[in-house]
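Reader: Please take one part of this model and go through it closely. I would like the ligand site, followed by the helix packing elsewhere in the chain.

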Amino acid sequence: MKFFIDSANMPSIQKFMDMGIVDGVTTNPSLLSKEGADPAEQAAKIAKLVPGPVNIEVVASDYEGMINEGRKIAEIGSNVVVKIPMTKDGMHAVRELANRGIKTNVTLIFSAQQALIAAKAGAAYVSPFIGRLDDIGEDGMVLIRDIVKIFDNYSMESQVLAASIRHPVHVLECAKAGADVATLPPDVLEKMFMHPLTDAGIKKFLDDWDALRKKLGGNISPFKR
Ligand code: E4P
């Protein structure tokens with residue numbers, strides 16, 4: 001499963017890039033707004049930093065507007081994917097952008113039927129939002145499993161990009177379900193590193209090392225000949 005970072009924050013993206021665990025980035029108007037910088041410039045910086053797909057969303061809601069914005073967004077870099085909301089105008093724009101060789105990600109997917117439509121329109125990615133479904137008392141993971149199964153049944157080319165992820169169990173369940181991509185908020189990714197037994201294990205090893213140092217009476221250099 002690929003990991004995208006769901007953030008427009010350069011230091012957060014850079015930190016995980018340095019570890020080699022970032023396959024791409026998703027942004028949305030709220031995430032770009034949080035950074036407070038010019039959105040086009042911020043998007044360009046991210047697209048330069050990350051070689052994988054960088055998803056930037058249109059803010060227009062009509063077909064013409066989405067096409068115009070989509071073309072400009074695609075010019076930011078060859079790795080940029082245009083995010084389009086799941087509307088009728090949106091699907092018209094997805095088809096037209098696909099005809100022009102521009103990759104799209106259909107966002108704000110809340111049903112398997114919507115995912116099917118987006119895939120048929122030619123979306124490279126479909127983004128079902130797990131957390132927002134959980135928030136209204138539904139089970140977002142059921143949606144991921146349904147879409148993975150349906151796309152598999154018909155060998156559909158669109159990739160399932162699990163979005164609105166709120167905690168590490170969501171990530172685990174997405175991986176088990178076979179989602180192609182999970183887009184992770186930095187705080188969720190941080191939590192995935194943690195396990196109390198790892199911390200306890202490191203402490204015990206270092207305490208034992210210290211006991212040896214004291215026994216030998218002084219400084220010991222690890223593995224020095
Ligand atoms: C995905 O592309 C979206 O940016 C994101 O996952 C939305 O998540 P939220 O529901 O936490 O805002």
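Author: Start with Arg166, where a polar side-chain atom lies 3.0 Å from an oxygen atom of the ligand. The model is a predicted one, and the distances here are computed from it. Arg132 also has a side-chain N or O atom placed 2.7 Å from an oxygen atom of the ligand. For Ser164, an N or O atom of the side chain is likewise 2.7 Å from a ligand oxygen atom. As for cover, the ligand taken alone exposes 350 Å², and the protein buries 86% of that.

The residues around the ligand include the three just named, Arg132, Ser164 and Arg166. The others listed there are Asp6, Thr26, Asn28, Lys83, Phe129 and Ala163. Sorted by class, this shell has 4 charged, 3 polar and 2 nonpolar residues.

Now the helix packing, beginning with a single residue. Leu49 belongs to helix α3, which covers residues 39-49. Its C-alpha atom is 21 Å from that of Ser30, although the two residues are 19 apart along the chain. If neighbours within four places in sequence are set aside, Leu49 touches Met10, Ile13, Gln14 and Met17. These four residues lie in α1 and take part in its contact with α3.

Two packed helices are described by the angle between their axes and the distance between the axes. For helix α1 (residues 10-18) and α3, the angle is about 5° and the axes are 11 Å apart. Angles under 35 degrees count as roughly parallel, and α1 and α3 are therefore roughly parallel to each other. On the α3 side, the contact is made by Gln42, Lys45, Ile46 and Leu49, which meet Met10, Ile13, Gln14 and Met17 of α1. The classes in this contact are 5 nonpolar, 2 polar and 1 charged.

A second pair is formed by helix α5 (residues 88-99) and helix α6 (residues 112-121), packed at an angle of about 30° with axes 8 Å apart. That angle makes α5 roughly parallel to α6. From α5, the contact draws on Met91, Val94 and Arg95. From α6, it draws on Ile117, Ala118, Lys120 and Ala121. The residues of this contact comprise 5 nonpolar and 2 charged, with no polar ones.

Terms used. Residues are numbered from 1 along each chain as its sequence is written. This is a predicted model: local features need pLDDT of at least 70, side-chain atom pairs count only at pLDDT 80 or more; totals for chains, interfaces and linings use all residues. Side-chain values use heavy atoms; hydrogens and water are left out. Axes are lines fitted to C-alpha atoms, for helices over the stretch in contact, and angles run from 0 to 180 degrees between N-to-C directions. Helices (H or I, at least four residues) and strands (E, at least two) are DSSP runs, numbered from the N terminus. Angles under 35 degrees count as roughly parallel, over 145 as roughly antiparallel, 65 to 115 as roughly perpendicular and the rest as oblique. Contact means heavy atoms within 4.5 Å. Ala, Val, Leu, Ile, Met, Phe, Trp, Tyr, Cys and Pro count as nonpolar, Asp, Glu, Lys and Arg as charged, and the others, Gly among them, as polar. A residue is near a molecule or strand if one of its heavy atoms lies within 4 Å of it. A polar contact is a pair of N or O atoms within 3.5 Å; within protein, one must be able to donate a hydrogen and the other to accept it, and residues adjacent in sequence count only if both atoms are side-chain atoms. Accessible areas come from the Shrake-Rupley method with a 1.4 Å probe; for residues, only the protein chains shown count as cover.
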